[in-house]
Amino acid sequence: PNVGDFRKTRIGTDEVLLVRQIDHSLKVLFNSCAHRGTQLCTATSGNTKTFVCPYHAWAYDLSGELKAVPDLDSYPASFKITHPSLHLKSAPRVESYRGFIFASCAEQGPGLIEFLGRMTDAIDNLVERSPMQRISAEGGQFKVRYPGNWKLHHENANDIVHPGFVHESSVTVARQAKGNTKTNTDTLDKGQSMNMMISNGLTPKDWNAIELNSVSNGHSFMGGFYRSGLLAPRQDDEVTRSYREALQAALGKEKAAEILGMDRFNNLIWPNLNVNAQFHQVRVVHPIAVDKTVVEGFCFRLDGAPEEIFHRAVRFLGTLVSPASMIFSDDLEIFRRVQLGLKNGDLERLDSRRGIETDKHFESSDTVHSTTSSELPLRAQAAAWKQWMSSINE
């Protein structure tokens with residue numbers, strides 16, 4: 001929020017610094033000194049007036065311009081400290097939508113709003129769930145590394161057939177705990193984690209009842225599937241009632257009902273963002289190498305909402321995205337096995353035709369809707385990857 005504030009993050013395989021400028025605009029600088037390519041900054045975040053390279057002390061201002069070089073007289077006359085080639089490389093395009101900041105390494109291409117398309121709904125819904133229309137990333141974060149390609153995360157996130165098989169062990173344990181009268185499930189989180197695990201025990205009938213949608217540019221989302229406990233969309237416990245009343249007081253009953261009525265799970269913004277608005281969560285997928293990926297998970301505090309609502313968001317993050325998660329650890333193991341299987345090298349083409357003959361195209365929009373169990377999201381992601389990779393090659 002303040003001039004000189006910075007955060008270290010990534011664009012694809014590149015490490016970058018997001019920096020608040022003197023005029024309060026934002027700039028994304030690549031974290032490599034223009035002299036010898038040294039990593040410029042090791043801090044995750046902070047506030048500074050200059051970035052100074054630890055190798056030879058070249059100093060850059062907040063915009064990335066080179067301002068000081070030790071022993072400048074030893075350089076030839078052709079060395080001009082003001083020349084753009086000596087500045088830090090920066091992302092040519094940086095845009096923000098409701099506080100979520102996106103950057104592109106391409107000078108040309110669709111603008112942010114055009115690229116997001118219908119997926120602005122998910123970001124809007126996350127922000128508008130706050131009675132004050134303000135959210136902040138709090139409660140810590142998780143970073144999980146897995147030995148597989150970055151695309152595996154999104155290909156799995158809206159795959160509705162795998163949970164009953166991949167997560168069978170945690171489903172079984174949760175069902176046993178719920179059926180055990182000696183187990184006090186209210187002690188830790190009022191049964192929230194247990195119900196999250198039980199919800200993965202989907203049957204074929206359940207698979208076919210879950211709505212799947214894909215939209216242009218590779219984005220997709222599914223309908224919600226938490227039907228009981230604290231995460232159910234129509235939960236009516238004391239905390240939820242208090243929260244609903246606060247939202248109604250701020251926005252009116254009709255608008256509050258519209259906001260709380262959006263029941264989506266895993267809003268996947270291609271290529272690497274996952275927004276779960278109703279649970280106040282965001283995941284960012286960072287490709288490190290062809291077979292190494294880091295997934296970063298955040299949760300948010302809704303300004304004006306009861307503190308218990310924030311506690312539920314923190315618990316959701318821990319249950320679903322933690323390295324110790326009984327759910328996510330299953331997915332990470334599958335990603336590892338897929339990567340190992342693909343290394344065998346004999347497969348020329350993978351099959352993603354499930355549901356392809358029943359998916360419904362809406363003529364008035366760019367949305368495709370599934371009418372049965374489908375690999376629709378996977379096909380949309382693959383098409384987007386092919387489109388952009390082809391554009392680059394051309």
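**A walk from Asn 156 to helix α12 and strand β15**

Asn 156 is buried, because its relative accessible area is 14% and the cut-off for buried is under 20%. Keep in mind as you look around that this is a predicted model. You can find Asn 156 in helix α3, which covers residues 151-157. Which residues does Asn 156 touch, once its neighbours within four places in sequence are left aside? They are His 162, Asp 331 and Phe 335. With Asp 331 there is also a polar contact: the two side chains are joined at 3.4 Å.

Let's follow that contact into helix α12. Both Asp 331 and Phe 335 are among the buried residues of α12, along with Phe 328, Asp 330, Leu 332 and Gln 339. The helix runs over residues 328-342. Its 15 residues, at 1.5 Å a residue, should span 21 Å, and the end C-alpha atoms are 21 Å apart, so the two values agree.

Leu 342 also belongs to α12, but it counts as partly exposed because its relative accessibility is 40%. Together with Ile 334, Val 338, Leu 347 and Leu 350, Leu 342 forms a nonpolar patch on the surface, with about 440 Å² of accessible area in total.

Now turn to strand β15, residues 281-289, where you will meet Gln 281. Is Gln 281 buried or exposed? Its relative accessibility is 6%, so Gln 281 counts as buried. The side chain of Gln 281 has a polar atom 2.7 Å from the backbone oxygen of Phe 279, and it reaches the backbone oxygen of Ala 313 at 2.8 Å. Beyond its neighbours within four places in sequence, Gln 281 is in contact with several residues, including Asn 274, Phe 298, Cys 299 and Leu 317.

How values were computed: Residues are numbered from 1 along each chain as its sequence is written. This is a predicted model: local features need pLDDT of at least 70, side-chain atom pairs count only at pLDDT 80 or more; totals for chains, interfaces and linings use all residues. Side-chain values use heavy atoms; hydrogens and water are left out. Patches are made of residues with over 30% relative accessible area and no salt bridge: like charges are joined within 9 Å, nonpolar side chains (Val, Leu, Ile, Met, Phe, Trp, Tyr) within 5 Å. Accessible areas come from the Shrake-Rupley method with a 1.4 Å probe; for residues, only the protein chains shown count as cover. A salt bridge is a side-chain nitrogen of Lys or Arg within 4 Å of a carboxyl oxygen of Asp or Glu. Helices (H or I, at least four residues) and strands (E, at least two) are DSSP runs, numbered from the N terminus. Buried means under 20% relative accessible area, exposed over 50%, partly exposed in between (1.4 Å probe, protein chains only). The expected span of a helix is 1.5 Å times one less than its number of residues. A polar contact is a pair of N or O atoms within 3.5 Å; within protein, one must be able to donate a hydrogen and the other to accept it, and residues adjacent in sequence count only if both atoms are side-chain atoms. Contact means heavy atoms within 4.5 Å.
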